[in-house]
Amino acid sequence: MFNLIPRPASILATEGEFVFSNETAIRIDRSNPAVKSLADYLSAQLQDALGLDIAISDLNLKGVGIKLELDDFADLGEEGYELVITPDEIQLCAQQPAGLFYAIQTFLQMIPPTPASTVRLPAVTVRDTPRFFWRGVMLDVARHFFGVQDVKRFIDLIVQYKINVLHLGLTNDQGWRIEIKSWPKLTEIGGSTQVGGNGGGFYTQEEYKELVEYARSRYVMIIPEIDVPGHINAALASYAELNCSGQAPALYEGSEVGFSSLCADKEITYQFLDDIVGELAAISPAPYIHIGGDEAKSTPPQDYKKIVESMQDFVLRYGKRAVGWGEIADAKLDPSTIAQFWDKKMYLKAKNQGCKIILSPANKTYLDMKYDENCPLGLAWIGYIGVKDSYAWDIESLAPELEEKDVQGVEAAVWSETLRNFKELEYMVFPRLLCIAELAWSSRKDNWEEFRQRLAAHGKRMEMMGINFYKSPEVDWE
Ligand code: TNX
């Protein structure tokens, strides 16, 4: 009926309809600051969607309205919600503020993208809880840098589909994007360029905190990634003493992978990692730090283990849990560490060490892969990924040895070697991110035909938001 993405756990049509008017107000208990700011958010979004100035009034006052309420709904958990539309009122209820935020996202998707002068919503009861706690997307800001404004827009776009983790790839061969005060040349030198030259950039710690706060207010957790021991040329170019040879290599503006490595035999390598994790832990409230670990093709296996294990130790010592790409399972992992699986059966070694797994299979979730051979952007090393490809998979088809409980969640990845600006990024991310979001939130019901029809209705919505999405011929866009 409403073409919601992700599909809610249950949706039941009831009698009648709710009609918006000038008297429609948002009604809340003003003493709760989280609810108050959710009401402000909803009011601003409705202003955009309907052109109606919707006041915020007190829960106890009589009148037609949209009620936002926290109550004791234990079965809704941290993020679940109930959304009830009747002819008399609209109720958004949850146990926790995050649940209310998702009720709001669902509600906003119910409003027609090009509303008539009088907006009517059919009566309905929605009860909804997520499948996974970790519904993520990784944004590579190292290959091409995306500034604070771009990242904020990205957050605004992804939360509509109930994504709650933004993993920022802050370092790579081509750039170091986060200020580290004890190692200032990382950004002075290492942040000065990007793929193809022309630009570069980095976040100061203040800007990073601003992003974290912006994300937090939208119930998104930012996970910072410092990729070691490979993908490290930007740091090696900034500090000669980090190199085994003692010589700094040139900055790198190409797109190859696997050629750089930290030096396992040097004491300074561990001082460097300790300093970075310490500064990062101080500005990042998220309980996880991502340590990379992928494609370290120039690091001998013994050195790889030594560096990954030390990095994991620093992360634990600063009170965080480590996340790393699947390869880290070659090292000895703490069971609290999470392995992000992208290829082959990498997940088995991690599972055998008692670790949880994040599903990011490259052939389904790497949103920098071309849609098809005509796609002007993107890479194709794992093949093309059409919209249906990113939708039609699940744990049992992908990783039959894993059970639902082994899986921490699902994460898409937006590598940016070929993505020079935000419009190009949007083209690769949308609509495929909606497929991943559905997989991460909705209990599974693999039905491409049904999903494809719901997706068709989102074309107008994405247009209204100015998203440069790919109008895939697999979907009959409305
Ligand atoms: C693989 S698989 C990478 C990235 C590249 C990406 C390009 C993995 C964890 N890393 O370094 O940017 O492919 O598609």
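Student: How many nonpolar, polar and charged residues does the lining of the second largest pocket have?
Tutor: Keep in mind that this is a predicted model. The second largest pocket holds about 440 Å³ of space. Of the 17 residues that line it, Asn164, Arg216, Tyr219, Val220 and Met221 are the closest to its centre. Sorted by class, the lining has 11 nonpolar, 3 polar and 3 charged residues.

Student: Which element gives the largest share of the lining of the second largest pocket?
Tutor: Let's start with the candidates: α2, α5 (205–216) and β12 each give two or more residues to this lining. The largest share is 3 residues, and the element that gives them is α2.

Student: And how much space lies in the largest pocket?
Tutor: Look first at its walls, where α1 (33–50), α2, α3 and α16 each supply at least two residues. By class, that lining has 13 nonpolar, 4 polar and 5 charged residues. The space in the largest pocket comes to about 630 Å³.

Student: Which residues that line the largest pocket are the closest to its centre?
Tutor: The lining of the largest pocket is made of 22 residues. Those closest to the centre are Gln45, Asp48, Ala49, Gln160 and Met465.

Student: Which elements each supply at least two residues of the lining of the largest cavity?
Tutor: Searching the whole structure for cavities of 30 Å³ or more turns up 1, and about 50 Å³ of space lies in the largest cavity. Its lining includes Thr171, Asn172, Glu225 and Asp227, and by class it has 3 nonpolar, 3 polar and 4 charged residues. The elements you are after are β10 (171–172) and β12 (221–228).

Student: Is His144 buried or exposed?
Tutor: You will find His144 in the loop between β8 (134–140) and α3 (148–159). Its relative accessible area is 4%, and the cut-off for burial is under 20%. His144 therefore counts as buried.

Student: Which backbone oxygen does the side chain of His144 reach at 3.1 Å?
Tutor: Leaving aside neighbours within four places in sequence, His144 is in contact with Gln194, Val195, Ser416, Glu417, Leu419 and Arg420. Its side chain reaches the backbone oxygen of Val195 at 3.3 Å. At 3.1 Å, the side chain reaches the backbone oxygen of Leu419.

Student: Which helix gives the most to the largest nonpolar core?
Tutor: In soluble globular proteins, nonpolar side chains tend to be buried together. Here the largest nonpolar core has 158 residues, and Leu68, Phe107, Trp176 and Tyr203 touch the most other members. With 9 residues, the helix that gives the most to this core is α2 (residues 97–110).

Student: Which elements do the buried residues of α15 pack against?
Tutor: Helix α15 covers residues 448–456, and its buried residues are Trp448, Phe451, Arg452, Arg454, Leu455 and Ala456. The elements they pack against are α11 (387–391), α14 (432–441) and α16 (458–464).

Student: What is the relative accessible area of Cys355?
Tutor: Cys355 is found in the loop between α9 (347–352) and β16 (356–359). Not counting residues up to four places away in sequence, Cys355 touches Leu333, Asp334, Pro335, Thr337 and Ala350. Cys355 is buried, and its relative accessible area is 5%.

Notes: Residues are numbered from 1 along each chain as its sequence is written. This is a predicted model: local features need pLDDT of at least 70, side-chain atom pairs count only at pLDDT 80 or more; totals for chains, interfaces and linings use all residues. Side-chain values use heavy atoms; hydrogens and water are left out. Helices (H or I, at least four residues) and strands (E, at least two) are DSSP runs, numbered from the N terminus. Buried means under 20% relative accessible area, exposed over 50%, partly exposed in between (1.4 Å probe, protein chains only). A polar contact is a pair of N or O atoms within 3.5 Å; within protein, one must be able to donate a hydrogen and the other to accept it, and residues adjacent in sequence count only if both atoms are side-chain atoms. Contact means heavy atoms within 4.5 Å. On a 1 Å grid over the protein atoms alone, a cavity is a set of points where a 1.4 Å probe fits but cannot get out, and a pocket is an open set with protein on both sides within 12 Å along at least five of seven lines; lining residues have an atom within 4 Å of a point. Grid points are joined across faces, edges and corners, and a volume is the space filled by probe spheres set on the points. Ala, Val, Leu, Ile, Met, Phe, Trp, Tyr, Cys and Pro count as nonpolar, Asp, Glu, Lys and Arg as charged, and the others, Gly among them, as polar. A nonpolar core is a set of buried Ala, Val, Leu, Ile, Met, Phe, Trp, Tyr and Cys residues joined through side-chain atoms within 4.5 Å.
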